[in-house]
Amino acid sequence: MINKAIKVSEHVYWVGAIDWTIRDFHGYTTKRGSSYNAYLILADKITLIDTVKAPFKDELLSRISSLIDPRDIDFMISNHSEMDHSGCFAELVKELKPEKAYASTMGVKTLANHFNFTDEIIALKTADELSLGNMKLSFMETRMLHWPDSMFTYLEDENLLFSQDAFGMHLASSERFVDEIDENIINYEAATYYANILLPYSQLVLNLIEQVKNAGLDIWIIAPDHGPIWRKDLGRILELYQQWANQKPTSKAVVLYDTMWHSTERMARAIEEGLIGGGAKAEVMSMRAHHRSEVVYELLDAGALIAGSPTLNNNILPSMADVMTYLKGLKPKNLLGAAFGSYGWSGESTAYLNDILAEMKIELVSDPIKTKYVPDPDSLTLCYNLGLKIAEKLKEEL
Ligand code: FEO
């Protein structure tokens with residue numbers, strides 16, 4: 001294996017690892033794999049920014065070795081303590097013995113909690129600066145984006161922002177730069193990443209974009225910890241982040257359901273017809289055919305979430321419990337909604353779904369619609385009318 005480093009700017013090289021086969025990232029399906037990006041700055045003080053997931057340590061070391069002897073690294077900096085970036089940080093501090101190792105104030109604690117290692121890590125806080133001799137780094141803590149320890153590092157001399165998870169995506173590729181990859185793939189993977197990782201912190205994202213603007217940083221390159229590097233048209237990803245963080249609804253409604261004997265499915269299709277009849281766009285998603293990560297991607301620009309399940313053992317189907325738990329944690333905003341489903345005798349599912357939608361602070365536009373066993377024409381008309389009503393309300397809100 002060759003594992004060469006790849007030049008990012010005059011003194012900065014990508015020395016990370018590609019995970020071609022990972023398909024699950026704590027519940028988020030990563031259909032195109034991922035990468036764990038680490039960066040080497042060949043300054044007077046040679047500096048490594050982040051590391052990689054532990055099993056990829058040798059790949060990291062061989063890429064570094066294509067440039068320098070890894071024992072010549074002077075400084076190591078951890079921008080984020082999650083294991084996909086710090087998995088071999090503690091081990092490498094011990095092995096390579098850099099002159100100094102750094103993390104954010106919270107990062108120092110988190111690294112200690114994870115690795116129980118006592119080597120001194122120096123805490124950095126917002127506005128701190130670190131001289132690399134011929135260059136200089138500055139730091140910005142980005143707490144809860146998306147962990148308490150998260151931090152940005154800025155290399156002013158090369159207008160380069162090391163943004164850890166922010167502006168990243170789970171995408172394994174032979175190319176290292178966004179502008180070398182199909183735009184549709186970039187848009188889809190960046191949005192899916194935002195929806196599955198950053199959505200609950202959207203207000204903090206908006207605050208951070210303001211903070212970065214106010215700091216007057218002249219950024220030409222954004223080097224995240226996953227996926228390709230941004231070096232052209234940076235305004236585009238910043239605008240997309242603002243758009244996703246605002247979650248301004250469109251006329252799209254997501255109809256999410258699972259079904260036992262196709263009754264709840266027929267109700268979903270009647271709701272879809274009502275939505276279309278009212279001029280809305282309907283995205284009907286069966287949980288037999290879709291992963292929870294795809295659902296949250298579709299919700300990113302939706303104006304409504306309509307959820308359906310039949311009753312099973314006084315409850316909802318497990319697939320619906322799974323996706324609703326996931327969505328609740330991600331806190332999507334600005335949604336209308338309603339619940340629907342069929343039942344045979346006790347019929348608790350719709351009330352159960354209704355409660356979850358209410359807990360998610362979704363504006364309920366109707367009482368739940370429930371139908372006994374198989375929907376009759378009246379029941380399907382109720383579903384159609386629900387779709388119509390939601391389409392009309394979406395139109396009013398646009
Ligand atoms: Fe890519 Fe939050 O770790």
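The legends below accompany an overview and several close-up views of a predicted model of a protein chain.

**Figure 1. Overview of the predicted protein chain, with its 12 helices and 22 strands.** Along its principal axes, the C-alpha trace of this chain extends over about 75 × 40 × 35 Å. The chain has 398 residues, of which 58% count as buried. Where contacts link residues at least 6 apart in sequence, 73% of those contacts are between residues at least 24 apart.

**Figure 2. The exposed area and the charges of the protein chain.** About 16500 Å² of the protein chain is exposed, and carbon and sulfur atoms account for 51% of that area. The chain carries 38 positive and 55 negative charges, and the mean positions of these two groups lie 2 Å apart.

**Figure 3. Strand 10 and its pairing with strand 9 and strand 11.** Strand 10, made up of residues 100-104, is mostly covered, with 4 of its 5 residues buried. Strand 9, which covers residues 75-78, pairs with strand 10 in the parallel sense over 4 bridges, and within this pairing serine 78 has alanine 103 of strand 10 as its bridge partner. Strand 10 also pairs in the parallel sense with strand 11, residues 122-124, here over 3 bridges, and tyrosine 102 has isoleucine 122 of strand 11 as its bridge partner. In general, the strands of a sheet pair through backbone hydrogen bonds, and the pairing may be either parallel or antiparallel.

**Figure 4. An open sheet of 5 strands.** The strands of this sheet follow the order 12-13-14-15-16, and their pairing is mixed. Strand 12 (129-131) and strand 16 (221-224) stand at the edges, where each has a single partner strand, so one side of each is left without a neighbour in the sheet. Neighbouring strands of this sheet are turned against each other by 20° on average, when direction is ignored.

**Figure 5. A closer view of strand 14 and strand 15 within the open sheet.** Strand 14, formed by residues 151-155, and strand 15, formed by residues 160-164, pair in the antiparallel sense, and 3 bridges join them. Among the residues to look for in this view are threonine 153 and its bridge partner in strand 15, phenylalanine 162. In the strand order of the sheet, 12-13-14-15-16, strand 14 is followed by strand 15, and strand 15 is followed by strand 16, which stands at an edge of the sheet.

Technical notes
Residues are numbered from 1 along each chain as its sequence is written. This is a predicted model: local features need pLDDT of at least 70, side-chain atom pairs count only at pLDDT 80 or more; totals for chains, interfaces and linings use all residues. Side-chain values use heavy atoms; hydrogens and water are left out. Two strands pair if DSSP finds at least two bridges between them. Helices (H or I, at least four residues) and strands (E, at least two) are DSSP runs, numbered from the N terminus. Axes are lines fitted to C-alpha atoms, for helices over the stretch in contact, and angles run from 0 to 180 degrees between N-to-C directions. Buried means under 20% relative accessible area, exposed over 50%, partly exposed in between (1.4 Å probe, protein chains only). Contact means heavy atoms within 4.5 Å. Accessible areas come from the Shrake-Rupley method with a 1.4 Å probe; for residues, only the protein chains shown count as cover. Lys and Arg count as positive and Asp and Glu as negative; His and the chain ends are not counted. The place of a charge is taken as NZ of Lys, CZ of Arg, CG of Asp or CD of Glu.
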